[in-house]
Amino acid sequence: QVQLVESGGGLVQAGGSLRLSCAASGRTFSSYEMGWFRQGPGKEREFVAAISRIAGRTYYADSVKGRFTISRDNAVNTVYLQMNSLTPEDTAVYYCAATDKTYYSSSYYFSEPTYDYWGQGTQVTVSS
């Protein structure tokens with residue numbers, strides 16, 4: 001089992017940047033597929049980005065492509081989400097998620113049920 005703790009959220013003006021971190025403890029971090037999801041006010045939780053455990057392949061929601069970058073550092077058991085050019089529509093609680101299951105289709109990375117472990121979330125608020 002793995003425990004996930006997000007940090008780095010806060011209040012930022014539109015056009016600004018934030019970097020979220022998700023620190024993992026427990027079993028070997030490198031064996032986990034990692035993802036970021038978010039839930040805005042009055043909205044359902046949605047996929048943001050994911051990174052594979054092998055080769056570090058990355059996947060993004062269309063709404064953040066070109067603005068957000070997901071990365072991982074297995075040496076320090078951490079996955080990051082660099083968020084640039086933020087807009088008020090990015091305001092949400094951001095959740096880190098992980099799974100150690102093996103999936104053979106990239107479509108699974110985008111799906112919430114894929115992930116078995118979740119952090120508590122970190123609030124990101126973008127003011128206009």
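Q: Before anything else, what is a disulfide taken to be here?
A: A disulfide is a pair of cysteine sulfur atoms within 2.5 Å, and it is worth keeping in mind that the structure above is a predicted model.

Q: Okay, and how many does that rule give?
A: The count by this rule comes to 1 disulfide, and the two residues it joins are Cys22 and Cys96, with an S to S distance of 2.1 Å.

Q: Which parts of the chain does that pair tie together?
A: Cys22 belongs to strand β3, residues 18–26, while Cys96 belongs to strand β9, residues 92–99, so the pair ties together parts that are 74 residues apart in sequence.

Q: Are those two cysteines buried or exposed?
A: Cys22 is buried, and Cys96 is buried as well.

Q: And why is the disulfide called left-handed?
A: Because the torsion about the S-S bond of Cys22 and Cys96 is about -80°, the disulfide is left-handed.

Q: Switching to strands, in what order do they sit in the open sheet with β3?
A: The order is β1-β3-β8-β7, which makes an open sheet of 4 strands with antiparallel pairing.

Q: Which ones stand at the edges?
A: Those are β1 (2–7) and β7 (68–73), and each has a single partner strand, so one side of each is left without a neighbour in the sheet. On average, neighbouring strands of this sheet are turned by 15° against each other, with direction ignored.

Q: How many bridges join β1 to β3?
A: There are 6 bridges between β1 and β3, and these two strands run antiparallel. As one example, Ser7 has Ser21 in β3 as its bridge partner.

Definitions and conventions: Residues are numbered from 1 along each chain as its sequence is written. This is a predicted model: local features need pLDDT of at least 70, side-chain atom pairs count only at pLDDT 80 or more; totals for chains, interfaces and linings use all residues. Side-chain values use heavy atoms; hydrogens and water are left out. Buried means under 20% relative accessible area, exposed over 50%, partly exposed in between (1.4 Å probe, protein chains only). Two strands pair if DSSP finds at least two bridges between them. Axes are lines fitted to C-alpha atoms, for helices over the stretch in contact, and angles run from 0 to 180 degrees between N-to-C directions.
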